[in-house]
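User: I am new to this structure and would like a close look at its aromatic rings and what surrounds them. Could you walk me through that part, and then through the empty spaces?

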Amino acid sequence: MTSELDALCINTIRVLSAEGVERARSGHPGLPMGAAAAAYVLWTRFLKHDPGRPDWPDRDRFVLSAGHGSMLLYSLLHLTGYDLPMEELRRFRQWGSRTPGHPEHGHTPGVETTTGPLGQGLANAVGMALAERYLAARFNRPGHEVVDHHTYVLAGDGDLMEGVSQEASSLAGHLGLGKLICLYDDNRITIDGPTDLSFTEDREGRYRAYGWHVQRVEDGNDVDALDRAIHAARGETERPSFIAVRTHIGFGSPHKQDRSSAHGEPLGGDELRLTKENLGWPPEPPFLTPDPAVEHFRQAVERGRAWSAGWESRLEAYRNAFPDEAGKWDRWMRGELPPDLDDTLPAFEPDAKGVATRAASGTILNALAPLLPNLVGGSSDLSPSNKTVVKDEPIFLKGQYHGRNVHFGVREHAMGAVLNGMALHGGLIPYGGTFLIFTDYMRPPMRLASMMGLRVIYVMTHDSIGLGEDGPTHQPIEQLAGLRAVPGLTVIRPCDANETSEAWRSALKRTDGPTVLCLTRQGVPTLDRTVLAPADGLHRGAYVLRDPAEGPPDILLMASGSEVHTVLEAADRLEKAGRKVRVVSMPSWELFLDQPAAYRDEVLPPGLHRRIAVEPGATQGWHRFTGDRGRVIGLDHFGASAPAGVLYEKFGLTAERVETEALEMLEEGR
């Protein structure tokens, strides 16, 4: 039964949300109005949070996967006492406000993740729940539980339609993430109209098949039924829970309830007035928050303070009982790296035969693993190829949550979003591997990781036509250019085993964004650094690998990854012909462009116009480094199925071609 106070609080959420959208003249009022009761019950009766300490480690996480309903979350944050004053709700979607159109992590206190692209938030929540289970398994001791919280997510029809949520939900059910609870806002309306136009499957049956605990609440305004359902979900520890809540989009609006027009446009002044009247709400003033409702919501402040203080007491007792583990907990939660990291990274001896950089990466990962037990991840069913398995460590499975090898299955999209959730939770450094070509399947979460500045490491192997016989479907051409176009994403393509070691060092030390390691399938020589520049030049993005013995260079050859060896061979040929050549290894454009102009000019002298860049992919973007008078040797077409050596010869990615084009440039310059 819904009390008068419950109804007042729920309608406060509805009207605040509708007025914020109306003031902005854009937004989505329908979901907040329809889901207000479910959100109210969760936030006032179950959600363990502290408005005065939004980053408290053992808080429950709440993810609004249906991020278009952001005014629902902003209303809840304001009403429960977060640092989000009413003025910010009035400035919804405006320049400089803390209430953007979709929730943005790091921008608004209490927002756990950036949502909006549908399905991503639900998959993030799976990652958060996974991280909670891993940390609990690693740190909790009998009588000393420092990790014990739930992850809640509010998802809509669009979330459930998107493939990423299906991949992630399947994984969550397989892993038995019992502290994950999804409230499904079943309002049966999308932008196009009724969901029956495109979405008639048995959603509850689907989640049962995934292995979730499934319930249904027929009336989304029945506070007691919602309470019982969430209580039952919390009691289910072996399976994640899915609660389908039948709601009405735009609830209370006389002419827009249950209509698609309530989804993505303001109610309009007249309809807002009629809605207030229908809900028994005063027509004026706008943004009214009745004192009884505020007083009730603000109980979250004292309750949250008591929760977080109680946890601090438990943590202090834990420190006394397990000081070493407590110190480790502090370092993990601060994201610190061990001081002996640099001494642990392997150095590789010169070797003309060499090793594939994917294999070097696997060696490096296993050298780091004992030092970094919070380095957790795996691959999308490609661990033997990606070399992402930590040897002699268990697999993360249901009931075996201390395992650090995560098998994501053939679910690249979900893997990317789950990694984001792991990073957002805190305490872990997540990594995930697949073939470089399949970044196409996980670009949305990679973009969001960049937007949120998350430390996520992507181990992307089979980085060129060097993978050979699998053919053009598996040979990346435009992927490097596409990844380099993402703001905040650092792409590193190391040329040998020692640059790979430095690439891992760079990725681990970067705390403000994700890093892609692009690694070869084929073997590449391990360069002799006693005659060439040290591999730590990688940290500056590009560096002079070799210069003429005497005098300034006549021409500059640059490349990334495996093609560095191609330009080194071409340089040998040219020098035998009496030409002076500078060879530049350029593993990362982003790191290079972040250097001072003086250093960039030192590596690429402005007066040296004869430049050739080589990379087995799209040439787009390379001219910013070669200049208008330089040349780029690459592939602006798809590959073919043949052995790698044949492909390099047929497509002209050879030292002979580089030598020929260099000589042409030198002749032209006479």
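Analyst: Arg203 lies over the face of Phe199, with 4.2 Å to the ring centre. A second arginine does something you can look for in the model too: Arg484 lies over the face of Trp589, at 4.1 Å from the ring centre. Please keep in mind that this is a predicted model.

Now to rings that meet other rings. The structure holds 21 aromatic pairs. One of them joins Phe139 and Trp332 in an edge-to-face arrangement, 4.9 Å centre to centre and with 85 degrees between the planes. This pair links distant parts of the chain, as Phe139 sits in helix 5 (residues 120-139) and Trp332 in helix 14, 193 residues apart. Buried here means under 20% relative accessible area. Phe139 has 0%, so Phe139 is buried, and Trp332 counts as buried because its relative accessibility is 6%.

Tyr431 and Trp504 also form an edge-to-face pair, 6.5 Å centre to centre, with 75 degrees between the planes. Here too distant parts of the chain are linked: Tyr431 belongs to strand 11 (residues 429-435) and Trp504 to helix 21 (residues 497-509), 73 residues apart. Tyr431, at 0% relative accessibility, counts as buried, and so does Trp504, at 1%. Elsewhere, Tyr184, Tyr207, Tyr210, Trp212 and Phe242 form one aromatic cluster.

Next, the empty spaces. Helix 14, the home of Trp332, takes part here as well: helix 14 gives five residues to the lining of the largest pocket, the largest share. That pocket has a volume of about 760 Å³, and of the 36 residues that line it, Met333, Leu424, His425, Gly426 and Gly427 are the closest to its centre. Helix 13 (299-321) and helix 18 (412-425) each supply at least two lining residues as well. By class, the lining divides into 14 nonpolar, twelve polar and ten charged residues.

The second largest pocket holds about 280 Å³ of space. Among its 18 lining residues, His68, Leu118, Gly158, Thr190 and His263 lie nearest the centre. Helix 6 gives the most to this lining, with four residues, and the lining has five nonpolar, nine polar and four charged residues.

Finally, the structure holds three cavities of 30 Å³ or more. The largest cavity has a volume of about 70 Å³, and aromatic residues appear in its lining too, including Trp43, Phe62 and Tyr82. Its lining has six nonpolar, two polar and four charged residues, with Arg59, Asp60 and Arg61 among the residues that line this cavity.

Conventions
Residues numbered from 1 in each chain as written. Predicted model: local features only at pLDDT ≥ 70, side-chain atom pairs only at ≥ 80, totals over all residues. Heavy atoms only, no water. 1 Å grid on protein atoms, 1.4 Å probe; cavity = no way out; pocket = protein on both sides within 12 Å on 5 of 7 lines; lining within 4 Å. Points joined across faces, edges and corners; volume = space filled by probe spheres on them. Nonpolar A, V, L, I, M, F, W, Y, C, P; charged D, E, K, R; others polar. Phe/Tyr/Trp six-rings, centres within 6.5 Å; stacked < 30°, edge-to-face > 60°. Buried < 20%, exposed > 50% of the residue type's maximum accessible area, 1.4 Å probe, protein only. Lys NZ or Arg CZ within 6 Å of the ring centre and 35° of its normal.
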